[in-house]
Each structure stands twice: as C-alpha cells, then as structure tokens.
Amino acid sequence: MASQNHNPADASTATASHKGAEPGAAVPCWFVGKRLQQELRTLMMSGDKGISAFPESDNLFKWVGTIHGAAGIVYEDLRYKLSLEFPSSYPYNAPTSSALYDVRTILLSIQSVLGEPNIDSPLNTHAAELWTNPTAFKNTCWKPA
C-alpha cells in the first residue's frame with residue numbers, strides 16, 4: 001500500500017539524500033516507512049509476552065500498542081492500550097544516525113517500569129510508600145474497572 005510510506009501529518013516531502021545526509025537533515029518518508037515495517041516484523045517475531053503493537057488501519061505512522069501487566073506484580077490482570085504516533089523523522093534526525101530504541105524496546109521498558117518502579121525517586125511519594133504492600137497499594141492507588 002502506497003499510503004503506508006507516507007505520513008499524512010507530515011506536510012513536507014523530505015528530499016534529503018539517504019547517504020551522507022547532514023545531521024538534522026530531513027529523512028525521506030519512504031526510509032522511515034521501511035524502518036517501521038522492519039520494526040513491525042521484529043515485534044511480531046519476537047515472542048515477547050505481554051506486549052503487542054500494530055499499525056492503525058493503513059497508516060504505518062500511527063500504531064495501537066498493548067501492554068499486559070506481568071504476572072506477580074500489582075498490575076498483573078490489567079491491560080494498557082497505547083496510541084503510538086511516529087514523526088516522519090522517526091527514529092533518526094539523519095539516516096546515518098542509529099536508533100537507540102525501537103517500538104519493541106519502548107514497550108518492554110514501559111512494562112518493566114510497571115513491575116519495578118523507582119520508588120527511591122518517586123513522583124508520587126505516597127504511592128511509593130505503599131508499593132511494598134501490594135494490597136494497600138491496590139486499595140489506595142487504583143481501582144480496577
């Protein structure tokens with residue numbers, strides 16, 4: 001599908017050369033589309049438990065992701081739905097740069113933080129104090145629907 005390699009939110013059609021582009025130069029949408037297609041294949045073949053993501057309809061730049069709370073954590077039976085939108089420069093500012101993260105590692109990182117938050121540097125100090133008591137944490141910090 002031709003529409004998968006074009007980000008409708010991106011008004012410009014980048015024309016920077018793939019090889020030897022200057023840092024910060026625009027990346028061609030086709031290059032980003034190829035990268036996202038490769039990431040989708042990697043994610044589908046990974047076999048990682050509790051994470052998934054797929055393009056929304058035929059727009060390769062907009063995905064719906066799902067994260068399941070891992071077994072044995074407070075969020076065990078919960079499922080989180082994420083809306084992921086990728087800019088036309090994803091994941092680079094230039095084609096010669098390398099990506100530090102891909103969709104799979106981002107989803108795994110979020111899943112990991114759910115199970116092992118940094119309670120030594122919390123945004124919510126009360127929740128951090130309750131974290132070591134799962135029942136108190138569940139009763140105080142969230143109510144499942």
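Student: Which side chain does the side chain of Glu39 join in a polar contact of 2.8 Å?

Tutor: The side chain of Arg35. Keep in mind that this is a predicted model. The pair also counts as a salt bridge, with the closest N and O atoms of Glu39 and Arg35 2.8 Å apart.

Student: Where in the chain do Glu39 and Arg35 sit relative to each other?

Tutor: Both belong to helix H1, and because they are four residues apart there, about one helical turn separates them.

Student: Is Glu39 buried or exposed?

Tutor: To read burial, look at the relative accessible area: under 20% is buried and over 50% is exposed. Glu39 has 3%, so this residue is buried. Arg35, at 19%, counts as buried too.

Student: What else lies around Glu39?

Tutor: Leaving aside residues up to four places away in sequence, Glu39 touches Trp63, Tyr90, Asp102 and Val103. With Val103 there is a short distance to note: a polar atom of the Glu39 side chain lies 2.7 Å from the backbone nitrogen of Val103. As for Asp102, its C-alpha atom is separated from that of Glu39 by 6.9 Å, although the two residues are 63 apart along the chain.

Student: How many helices and strands should I look for?

Tutor: Four helices and three strands. Read from the N terminus, their order is α-β-β-β-α-α-α.

Student: How much of the chain counts as buried?

Tutor: Of its 145 residues, 33% do. The exposed surface of the chain is about 9,200 Å², and 54% of that comes from carbon and sulfur atoms. You can also ask how far apart in sequence the contacting residues are. Among contacts with a separation of 6 or more, 54% are between residues 24 or more positions apart.

Student: Which residues touch the most other members of the largest nonpolar core?

Tutor: The general idea comes first. In soluble globular proteins, nonpolar side chains tend to be buried together. Here the largest nonpolar core has 24 residues, and those touching the most other members are Leu36, Trp63, Tyr75, Phe86, Val103 and Phe137. Several elements each give two or more residues to this core: helix H1 (29-46), strand E1 (51-56), strand E2 (59-68), helix H2 (103-115) and helix H3 (125-130). Two of the core residues just named, Trp63 and Val103, are also touched by Glu39.

Student: Which residues make a nonpolar patch on the surface?

Tutor: Met44, Met45 and Phe54 make one of about 390 Å². Take Met45 as the example. This residue lies in helix H1, and its relative accessible area of 72% makes it exposed. Glu39 is found in helix H1 as well, yet is buried at 3%. When reading a helix, then, check each residue separately.

Student: How many salt bridges does a search of the whole structure find?

Tutor: Four. For each one, note the distance, then the places of the two partners in the chain, then their exposure. The pair of Arg104 and Asp48 has its closest N and O atoms 2.4 Å apart. This pair links distant parts of the chain, since Arg104 is in helix H2 and Asp48 is in the loop between H1 and E1, 56 residues apart. Arg104 is partly exposed, with a relative accessible area of 25%. Asp48 is partly exposed as well, at 23%.

Student: Which residue forms a salt bridge with Glu85?

Tutor: Lys62, with the closest N and O atoms 3.9 Å apart. Glu85 lies in strand E3 (residues 79-85) and Lys62 in strand E2, so the bridge ties together parts 23 residues apart in sequence. Glu85 is exposed, at 56% relative accessible area. Lys62 counts as partly exposed, at 26%.

Student: Which residues are linked in a network of salt bridges?

Tutor: Glu56, Lys62 and Glu85. To go over the bridges again, compare their partners: Glu39 is buried and Arg35 is buried, whereas Glu85 is exposed and Lys62 is partly exposed.

Definitions and conventions:
Residues numbered from 1 in each chain as written. Predicted model: local features only at pLDDT ≥ 70, side-chain atom pairs only at ≥ 80, totals over all residues. Heavy atoms only, no water. Core = buried A, V, L, I, M, F, W, Y, C linked by side-chain atoms within 4.5 Å. Buried < 20%, exposed > 50% of the residue type's maximum accessible area, 1.4 Å probe, protein only. Patch = residues over 30% accessible without salt bridge, like charges linked within 9 Å, V, L, I, M, F, W, Y side chains within 5 Å. Areas by Shrake-Rupley, 256 points an atom, 1.4 Å probe, with all protein chains shown as cover. Salt bridge = Lys/Arg side-chain N within 4 Å of Asp/Glu carboxyl O. Polar contact = N/O pair within 3.5 Å; in protein donor to acceptor, adjacent residues only side chain to side chain. Contact = heavy atoms within 4.5 Å.
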